[in-house]
Structures are given as C-alpha cells and as structure tokens.
Amino acid sequence: MNKDVKREKSVVYSALEVAKFCGVVNQTAINWIRNNYLKAFKTPGGQFRVYPDDLASFMRKNSMQVPAEVLANCTLSANIQEKSVLLVDDDRAWNDVMSKFLAMRIPDLLVYQAFDGFEAGSQMVAKKPGVLVLDIDLPGIDGLKICKTIHEGETFGRPAVVVVTSLEDEGLERQCEELGVVKFLHKPVKLPELAELLCQIFGERS
C-alpha cells in the first residue's frame with residue numbers, strides 16, 4: 001500500500017465513499033486497500049484516503065463504470081483536449097481523407113494523425129486527445145493492445161475509443177466492448193456518420 005502523501009490533490013475519497021462509488025459495503029473497500037488491490041494512503045488520524053486517479057484506475061481494471069464525478073476530479077481529465085481526435089490507421093490515404101473531412105465538417109476540431117501503434121502511443125501521451133479513432137490491424141503495437149492499455153491504466157489518458165476496422169470477427173468486437181470501446185465500425189465507413197458520431201461523443205463528454 002502506498003502511504004506517500006506528498007502529492008497535492010484537493011479531492012480525496014474515504015473508504016466509505018469508495019464503497020459507494022463501487023457499489024459495495026465499507027468493509028470490502030477497506031479490504032481492497034489492506035490487501036494492496038487499491039492504492040491508498042493514511043491520514044495522521046489513521047483513516048484511509050484514495051486519490052481519484054487511483055480509484056478510476058482500479059475501477060477500470062475491474063470492469064466497473066467510473067462515475068463522472070470521479071473522472072472530473074482526476075488529474076489527467078484536466079489535461080485532455082476534449083474537442084480533439086487522434087486518427088490511427090496505417091492506410092495513409094484513408095487517414096488523410098478522414099483528417100481533411102473531419103477538420104472541414106467539425107468547427108474548431110483539433111485533428112492528429114498516427115500511422116502505427118508506436119506513433120499512436122506517443123501522440124496520446126503528448127496530445128491527450130479526447131477521442132481516438134483506431135484501426136486494430138496496425139504495425140508495431142496492435143490496436144487491441146492500445147485499447148487494453150487505455151482501459152486498464154492512465155498512460156494514455158482517457159480518450160473515448162472508436163474502432164474502425166476491416167476485420168470481420170465477432171469475438172474481436174466483444175473484446176473491444178469489454179475494453180470500453182464506445183463504437184465498433186466496419187470499413188468502409190461513411191464519413192458523415194463518423195463526424196456525427198464524434199459530435200455526439202464530444203457533446204456527452206462536455
């Protein structure tokens with residue numbers, strides 16, 4: 001268990017608050033902390049406290065829906081460029097077509113591009129896009145691994161993920177849904193529908 005209290009964060013949660021967010025009894029949350037499943041620290045009075053980032057990470061790893069209140073208090077949430085998208089596809093011509101269309105169709109949208117999994121990771125760390133439009137069959141790091149990294153940790157921030165792929169695999173679609181992908185689309189994709197979907201996601205996140 002991490003007892004380091006040097007991080008300065010205005011919001012922390014008690015074990016009881018953690019229990020309410022997770023839908024369990026207080027003792028269960030305490031047991032998670034004592035068994036090092038959930039990172040926490042102790043106050044001078046001996047009470048457990050949990051940072052929002054650590055709670056969000058724990059909930060994602062255990063396939064729990066993270067409440068908007070928790071996300072709003074997370075450190076990385078403030079760094080995300082909400083009205084921005086990272087397009088990840090190794091088909092450069094298609095990537096360019098998507099980029100130009102979305103930039104033209106959605107006012108003030110910041111559009112970033114990546115053409116393989118490694119570049120996608122670097123861009124997500126540097127840019128913190130609000131939405132990721134992701135191909136699965138990528139050189140370098142495959143798209144499914146990127147989805148898993150986003151779902152289980154904080155490395156890439158918290159973009160909403162839209163998968164766009166030519167792969168026909170029902171099992172893959174289920175895997176993506178379990179990893180928090182908001183939409184699974186098959187190529188060819190109609191660009192006006194993709195733009196409409198992004199606008200809907202931006203509206204929900206705001």
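**Reading ring pairs and a one-sided helix**

Both Phe-41 and Tyr-51 are buried.

Colleague: Before we dig in, what kind of model is this?

Modeller: A predicted one. Keep that in mind as we go through the rings.

Colleague: Okay, how many aromatic pairs are there?

Modeller: The count comes to 3 aromatic pairs. Take Trp-32 and Phe-58: the ring centres are 4.8 Å apart and the planes sit at 50°, so this pair is tilted.

Colleague: Where in the chain do Trp-32 and Phe-58 sit?

Modeller: Trp-32 belongs to helix α2 (residues 26-34) and Phe-58 to helix α3 (residues 52-61), so to speak two distant parts of the chain, 26 residues apart, linked by the pair.

Colleague: And is Trp-32 buried or exposed?

Modeller: The general idea is a cut-off: buried means under 20% relative accessible area. Trp-32 has 15%, so Trp-32 is buried. Phe-58 has 8% relative accessibility, so Phe-58 counts as buried too.

Colleague: Back to Phe-41 and Tyr-51, then. How do I read their geometry?

Modeller: Look at the angle between the planes: under 30 degrees counts as stacked, over 60 as edge-to-face, and the rest as tilted. For Phe-41 and Tyr-51 the planes are at 35° and the centres 5.1 Å apart, so the pair is tilted. Phe-41 lies in strand β2 (residues 41-42), while Tyr-51 is in the loop between β3 (48-50) and α3, so the pair ties together parts 10 residues apart in sequence.

Colleague: What sits over the ring of Phe-115?

Modeller: The charged end of Arg-92, 4.0 Å from the ring centre.

Colleague: Let's switch to helices. Why would residues a few places apart point the same way?

Modeller: An α-helix has 3.6 residues a turn, so residues three or four places apart point the same way. Now try helix α1 (residues 15-22), whose buried residues are Ala-15, Val-18, Ala-19 and Cys-22. They cover an arc of only 100° around the axis, so they are on the same side of α1.

Colleague: What do the buried residues of α1 pack against?

Modeller: They pack against β1 (13-14), α2, β3 and α3. Just after α1 comes Gly-23, with a positive phi of about 75°.

Colleague: One last residue: which contacts does His-186 make beyond its neighbours within four places in sequence?

Modeller: Leaving those neighbours aside, His-186 is in contact with Thr-165, Leu-167, Glu-168 and Glu-173. His-186 is in strand β8 (residues 183-186), and with a relative accessible area of 31% it is partly exposed. Asp-135 is 51 residues from His-186 in sequence, and their C-alpha atoms are 9.9 Å apart in space.

Notes
Residues are numbered from 1 along each chain as its sequence is written. This is a predicted model: local features need pLDDT of at least 70, side-chain atom pairs count only at pLDDT 80 or more; totals for chains, interfaces and linings use all residues. Side-chain values use heavy atoms; hydrogens and water are left out. Rings of Phe, Tyr and Trp (its six-membered ring) pair if their centres lie within 6.5 Å; planes under 30 degrees apart count as stacked, over 60 as edge-to-face and the rest as tilted. Helices (H or I, at least four residues) and strands (E, at least two) are DSSP runs, numbered from the N terminus. Buried means under 20% relative accessible area, exposed over 50%, partly exposed in between (1.4 Å probe, protein chains only). A charge sits over a ring if NZ of Lys or CZ of Arg is within 6 Å of the ring centre and within 35 degrees of the ring normal. Contact means heavy atoms within 4.5 Å. The arc is that of the directions from the helix axis to the C-beta atoms.
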